[in-house]
Amino acid sequence: MRYIRPLSIEDAVGQLAGAAGTAAILAGGSDLLVRMKGGFVEPDLIVDIKSIASLSEIRETADGFSIGAAVPCAVLGENTALKKAWPGVVEAAKLIGSKQVQGRCTITGNLCNASPAADSVPALVAAGARAVVAGPSGKRTIPVEAVPTGPGKTSLAKGEIIEAILLDKRTPRSGDAYLRFIPRTEMDIAVVSAGVNLTIDEHGVITAARVALGAAAPTVLLVEEAAEALIGRKLDEAALERLAKVCAGACRPIDDKRGTIDFRRKVAGVLAKRAATTAYARAGGK
Ligand SMILES: Cc1cc2nc3c(=O)[nH]c(=O)nc-3n(C[C@H](O)[C@H](O)[C@H](O)COP(=O)(O)OP(=O)(O)OC[C@H]3O[C@@H](n4cnc5c(N)ncnc54)[C@H](O)[C@@H]3O)c2cc1C
């Protein structure tokens, strides 16, 4: 096994593209190292991206935020502007593991590990986040929901690295929220989860919405019918009930010892309602 710490994204891409055997990108390592230790993967080349300076920055631009792929989740919570603009994304990142895990792990690693239960992903999907992908043939920007294609699988080609996650500048009167259900209070993987992002007008009527569910299908679900159930209405009881019904119906969860299909469907609806209520209040809705 060869371990390298390139100083530029170009070098990292070149090394990955030219690798003869299996290659893996190492960000925080909180998934990769666990999988290596468990004997599930044995990469011939490990490309540690933490020495690429530009990947360790959160930049606030005219268009929003660019979160470098090596920024630990703990750092997201220290960024006042990001927390104010995207509290749902930050609260999702701050649910991952423990303080120690958050000191290392990244939202990009969370996305690329492609677990259906990844905590930051429903929040990012609801936020309409995009991923900047650098590869041998240049750069492309794709919606985050286009990255995971199934449990443990991504759409990234050989040599490609996600360089940053982009979040738009917050539009006025908008808010987001993320909630998960776990049987314990922390250090557990979501049994089911929901991320909601809403914009309202001056009368409290919802004008835009994105609703995403985690651990409810092989990949995080962006539930368009859930957005349709909200748009054009205030967040009253009827709208919340419709939202819950649509979310429960959209789920295609597994049945396991942590939750039955029926349980996951019901909780998905409950979490979507609660996340929508918080997002609406954060948008200034009453
Ligand atoms: C004790 C513990 C508790 C945990 N609790 C949670 C939890 O509550 N919720 C949760 O969602 N997860 C949890 N996890 C899983 C893990 O911490 C998260 O998925 C984390 O966000 C992964 O980020 P990382 O930077 O450590 O990824 P890494 O382990 O470095 O990488 C993960 C995968 O993504 C790939 N990758 C990383 N960066 C890039 C990139 N820039 N471009 C392309 N591919 C890339 C890697 O090659 C690897 O396949 C836990 C893990 C542990 C060990």
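## Aspartate 48, tucked away

Aspartate 48 has a relative accessible area of just 2%, and since anything under 20% counts as buried, this residue is buried. Keep in mind that you're looking at a predicted model. In the fold, aspartate 48 belongs to strand 3, which covers residues 45–48.

So who does aspartate 48 meet in there? Setting aside neighbours within four places in sequence, its contacts are Tyr3, Ile4, Arg5, Pro6 and Leu26. With tyrosine 3 there's also a polar contact: the two side chains come together at 2.5 Å. Leucine 26, for its part, stands opposite aspartate 48 in strand 3.

## The three-strand sheet

Strand 3 is part of an open sheet of three strands, laid out in the order 1-3-2 and paired in parallel. At the edges you'll find strand 1 (2–4) and strand 2 (23–26), each of them pairing on one side only. Going from one strand to the next, the twist averages 20 degrees. Strands of a sheet pair through backbone hydrogen bonds, in either a parallel or an antiparallel way.

Zoom in on strand 2 and strand 3, and you'll see four bridges holding them in the parallel sense. Helix 1 (residues 9–18) packs on this sheet and touches strand 1, strand 2 and strand 3. The direction of helix 1 makes about 165 degrees with that of strand 3.

## Around the ligand

How many residues surround the ligand? There are 31, and the closest are Ile25, Ser30, Asp31, Leu32 and Thr106. Ile25 falls within the range of strand 2 (23–26), and a polar backbone atom of isoleucine 25 sits 2.6 Å from an oxygen atom of the ligand.

Glycine 28 also uses its backbone, with an N or O atom lying 2.8 Å from a ligand oxygen. Threonine 106 works through its side chain instead: an N or O atom there is 2.7 Å from an oxygen atom of the ligand. As for overall cover, the ligand on its own has 990 Å² of accessible area, and the protein covers 86% of that.

## Strand 10 and the five-strand sheet

Now for the other sheet in this report. It's open too, with five strands in the order 4-5-10-6-7 and antiparallel pairing. Strand 4 (58–60) and strand 7 (138–143) take the edge spots; each has a single partner strand, so one side of each has no neighbour in the sheet. Here the twist averages 20 degrees from one strand to the next.

Why is strand 10 (residues 161–168) largely enclosed by the rest of the structure? Because seven of its eight residues are buried. In the sheet order, strand 10 sits between strand 5 and strand 6.

On one flank, strand 5 (residues 64–68) pairs with strand 10 in the antiparallel sense over five bridges. Serine 66 has leucine 166 as its bridge partner in strand 10, while glycine 68 stands opposite alanine 164. On the other flank, strand 6 (residues 130–135) runs antiparallel to strand 10 and is joined to it by five bridges. There, valine 133 stands opposite isoleucine 162 of strand 10.

## Helix 1 again

Helix 1 turns up at this sheet as well: it packs on it, touching strand 6 and strand 10. The direction of helix 1 makes about 130 degrees with that of strand 10. That gives helix 1 contacts with strands of the three-strand sheet and with strands of the five-strand sheet.

How values were computed. Residues are numbered from 1 along each chain as its sequence is written. This is a predicted model: local features need pLDDT of at least 70, side-chain atom pairs count only at pLDDT 80 or more; totals for chains, interfaces and linings use all residues. Side-chain values use heavy atoms; hydrogens and water are left out. Helices (H or I, at least four residues) and strands (E, at least two) are DSSP runs, numbered from the N terminus. Buried means under 20% relative accessible area, exposed over 50%, partly exposed in between (1.4 Å probe, protein chains only). A polar contact is a pair of N or O atoms within 3.5 Å; within protein, one must be able to donate a hydrogen and the other to accept it, and residues adjacent in sequence count only if both atoms are side-chain atoms. Contact means heavy atoms within 4.5 Å. Two strands pair if DSSP finds at least two bridges between them. Axes are lines fitted to C-alpha atoms, for helices over the stretch in contact, and angles run from 0 to 180 degrees between N-to-C directions. A residue is near a molecule or strand if one of its heavy atoms lies within 4 Å of it. Accessible areas come from the Shrake-Rupley method with a 1.4 Å probe; for residues, only the protein chains shown count as cover.
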